[in-house]
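This briefing introduces one protein model to a reader who is new to structural description. Please keep the sequence and the structure in view while reading.

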Amino acid sequence: MSSLLLQSGLLLCAVSLVWANCDVCHLRNDHTKDFATPFEEDVSEYKNCQAYKDNACCSLSTVNRIDDLYPGYRFDRCDNAKGIPKKLSAKCAQFYLDEYCFYECDVNVGKYRRHLKCGEEDEGNSWEVFQMPIKASTCDDWYKACKNDYICGTPENKSFFAELECTYEVNEDGEETGTCRKFKDVYKNGKEVCEEMWGRAFVYEEREDLAFTMQFEGKNPNNDIHVSVAFPDPCPDHDIATVKEGCEGSELHPSGALVPHDCEVCHLRNEHSLDVSKPKSQSLGKCSKYDANACCSSETGAKIEDHTLYGADYAWDRCYENKNIGEFPPKCWRWFVEEYCFYECDVSAGKYRKHALCEENSWQISKLPLKASECDQWYDDCKDTLFCTCLDKDGCRSDGVSRVPKSFFSLPSLNCTEDQCKTFGDIYDDGKDLCESLWDGSFAYERHERAAYSLIWNPAKHNGNPNSFVNTHLEFPENCPGFNGSKALCEEEEEEVEGDEEVVEQTVELKNDPENSVSSISLLAVWNVVVISALVAAIL
């Protein structure tokens with residue numbers, strides 16, 4: 001058995017999963033790239049910001065005019081003030097350039113975009129940063145480098161964005177009174193530099209392992225800081241559907257933390273949930289692509305296949321019962337089956353359990369990101385299909401689960417009369433509305449598809465479940481109170497494998513018996529599937 005495992009393992013190890021570090025650039029202005037990519041030209045062409053050569057949201061033209069990118073806000077505005085005692089030192093100027101490069105080039109800054117809707121639906125903008133933690137040492141070093149230099153600001157106007165006429169003035173007592181003042185007279189220390197110069201964009205963070213830096217050489221250390229902080233949704237007018245072509249050469253988040261799970265505790269709990277996800281000895285039917293690692297049993301898979309898992313009240317085809325209007329279209333039907341399989345079988349769904357302490361329920365999920373392209377296809381495949389739901393709160397169920405219009409959870413309270421049955425196209429505006437409304441906010445329509453989960457993946461094409469590699473920086477929640485599920489239960493899988501050794505011995509016996517040659521071939525094929533599935537699960 002061990003040699004067979006080794007041979008199969010060597011074959012599977014030849015298959016590699018390639019990831020790209022092309023996260024969407026979530027701060028938007030007239031010169032931002034759509035995706036963070038390596039420098040397009042030779043690094044020697046870039047006058048500044050060379051540290052970001054491997055992954056940057058800034059272009060060559062942005063980098064080479066970065067000190068004059070915003071002409072009204074130059075950091076050396078006081079250099080031209082009449083009577084200024086000295087020009088800004090190169091040492092001080094470098095800290096400003098480092099901040100400019102950090103803001104314009106580092107994709108991680110986008111996690112701290114201040115306005116989620118980018119001004120489209122709120123009174124904000126798409127470029128502002130809010131409370132991003134910066135290393136205290138960076139702030140302190142900045143203060144030390146600049147404290148005797150002149151900048152445009154006053155103790156009353158510490159903001160870099162203050163609209164001041166930059167003048168140097170001295171009163172009759174020899175006191176400097178203009179708007180060009182020494183850095184140390186404007187800011188008291190490094191904390192004020194970082195927290196007041198940029199309008200609350202940054203936070204002075206003394207726990208440096210939890211803070212970002214503006215200065216580094218080699219690999220960008222910021223990629224390993226706060227990987228659990230999710231990027232926001234793209235700005236409403238930033239229509240990004242997928243990863244830019246040509247970005248497939250490196251990791252999505254260059255971090256050692258990215259290790260896909262195999263056997264894991266199943267954190268969504270109902271009366272038919274398994275305790276841990278494991279390979280299945282019996283096929284899951286319509287959900288068979290999860291055979292290698294699933295939180296659902298073969299019994300659950302069978303009930304999904306025959307449409308009986310949640311009972312007749314939750315049948316998505318109720319508008320077609322006992323009516324002479326034909327059958328529920330197969331192309332639409334498959335989406336409900338795929339969603340059921342994903343929810344019941346994919347262990348990743350447990351990361352998005354809605355109630356951390358299971359105080360209301362232990363089965364509901366919230367804002368799990370689904371691929372925008374799949375939501376759009378779901379809508380296209382179902383838009384002419386009849387569906388039964390409530391369209392306003394007065395018609396929605398009131399038992400505490402949902403009073404959200406357009407919800408699947410309204411079904412039990414409805415008779416699905418002709419008035420209540422409407423096409424998906426009449427109920428939902430588009431794929432986004434369908435994915436986010438049908439399941440009461442369980443899913444989020446995600447344009448950045450590398451950070452989104454899939455319902456319709458193919459195990460042969462993807463060499464296993466691709467969802468195992470999505471958002472692996474997000475941790476699973478704590479167990480629900482009273483549930484003692486543990487990864488220690490995964491050890492039972494070894495017992496199942498030992499049982500499979502007996503199958504191998506039987507196969508050998510059958511192989512030596514000519515009368516059973518057909519059976520031996522069939523049984524050996526089954527064993528190969530078991531071995532390969534187990535190995536894929538182990539690798540992924």
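H267 counts as buried, because its relative accessibility is 5%. This residue belongs to a model that is predicted. H267 is placed in the loop between β4 (202-205) and α7 (298-305). The points below begin with the surroundings of H267 and then move to the whole protein, its helix pairs and some further loop residues.

**The surroundings of H267**

- In sequence, H267 and G350 are 83 residues apart, yet their C-alpha atoms are 4.7 Å apart in space.
- When residues up to four places away in sequence are not counted, H267 touches G350, R353, S362, F476, P477, E478 and N479.

**The protein as a whole**

- The protein contains 14 helices and eight strands.
- Of the 540 residues in the protein, 50% are buried.
- The exposed area of the protein is about 26,600 Å², and carbon and sulfur atoms supply 48% of that area.
- Considering contacts between residues at least 6 apart in sequence, 70% join residues at least 24 apart.
- The pair H267 and G350, 83 residues apart in sequence, is one example of residues that are distant along the chain and in contact.

**Helices α8 and α9**

- Two packed helices are described by the angle between their axes and the distance between the axes.
- Helix α8 (residues 330-345) packs with helix α9 (residues 372-382) at an angle of about 140°, and their axes are 7 Å apart.
- The angle of about 140° therefore makes α8 oblique to α9.
- The crossing of these two helices, α8 and α9, is left-handed.
- On the α8 side, the contact is made by K331, C332, R334, W335, F336 and E339; on the α9 side, it is made by E374, Q377, W378, D381 and C382.
- By class, the residues in the contact of α8 with α9 are five nonpolar, one polar and five charged.

**Helices α3 and α4**

- Helix α3 (90-105) packs with helix α4 (residues 136-146) at an angle of about 145°, with their axes 7 Å apart.
- The crossing of α3 and α4 is left-handed.
- From α3, the residues K91, C92, F95, Y96 and E99 meet T138, D141, W142, A145 and C146 from α4.
- The contact of α3 with α4 has six nonpolar, one polar and three charged residues.

**Buried residues of α9 and α11**

- In α9, the buried residues are A372, E374, C375, W378, Y379, D381 and C382.
- The cover over the buried residues of α9 includes α8, β5 (368-371), α10 (424-427), α11 (431-438) and β8 (443-446).
- Helix α11 is largely enclosed by the rest of the structure, because six of its eight residues are buried.
- Those buried residues of α11 are G431, D433, L434, C435, S437 and L438.
- They pack against α8, β5, α9, β6 (386-388), α10 and β8.

**Two cysteines with positive phi**

- C358 is not a glycine, but it has a positive phi of about 60°.
- C358 lies in the loop between α8 and β5, and its relative accessible area of 15% means that it is buried.
- C416 is likewise not a glycine, and its positive phi is about 55°.
- The position of C416 is in the loop between β6 and β7 (421-423), and C416 counts as buried because its relative accessibility is 2%.

**Two further loop residues**

- S442 is found in the loop between α11 and β8.
- Because its relative accessibility is 5%, S442 counts as buried.
- Apart from neighbours within four places in sequence, S442 is in contact with I365, S366, K367 and L368.
- G72 is found in the loop between α2 (60-63) and α3.
- Is G72 buried or exposed? With 51% relative accessibility, G72 counts as exposed, since the cut-off for exposed is over 50%.
- G72 and F161 are 89 residues apart in sequence, and their C-alpha atoms are 9.2 Å apart in space.

Definitions and conventions: Residues numbered from 1 in each chain as written. Predicted model: local features only at pLDDT ≥ 70, side-chain atom pairs only at ≥ 80, totals over all residues. Heavy atoms only, no water. Axes fitted to C-alpha atoms, helices over the stretch in contact; angles between N-to-C directions. Helix = DSSP H or I, 4+ residues; strand = E, 2+ residues; numbered from the N terminus. Parallel < 35°, antiparallel > 145°, perpendicular 65-115°, else oblique. Left-handed = near helix turned anticlockwise from the far one by under 90°. Contact = heavy atoms within 4.5 Å. Nonpolar A, V, L, I, M, F, W, Y, C, P; charged D, E, K, R; others polar. Buried < 20%, exposed > 50% of the residue type's maximum accessible area, 1.4 Å probe, protein only. Areas by Shrake-Rupley, 256 points an atom, 1.4 Å probe, with all protein chains shown as cover.
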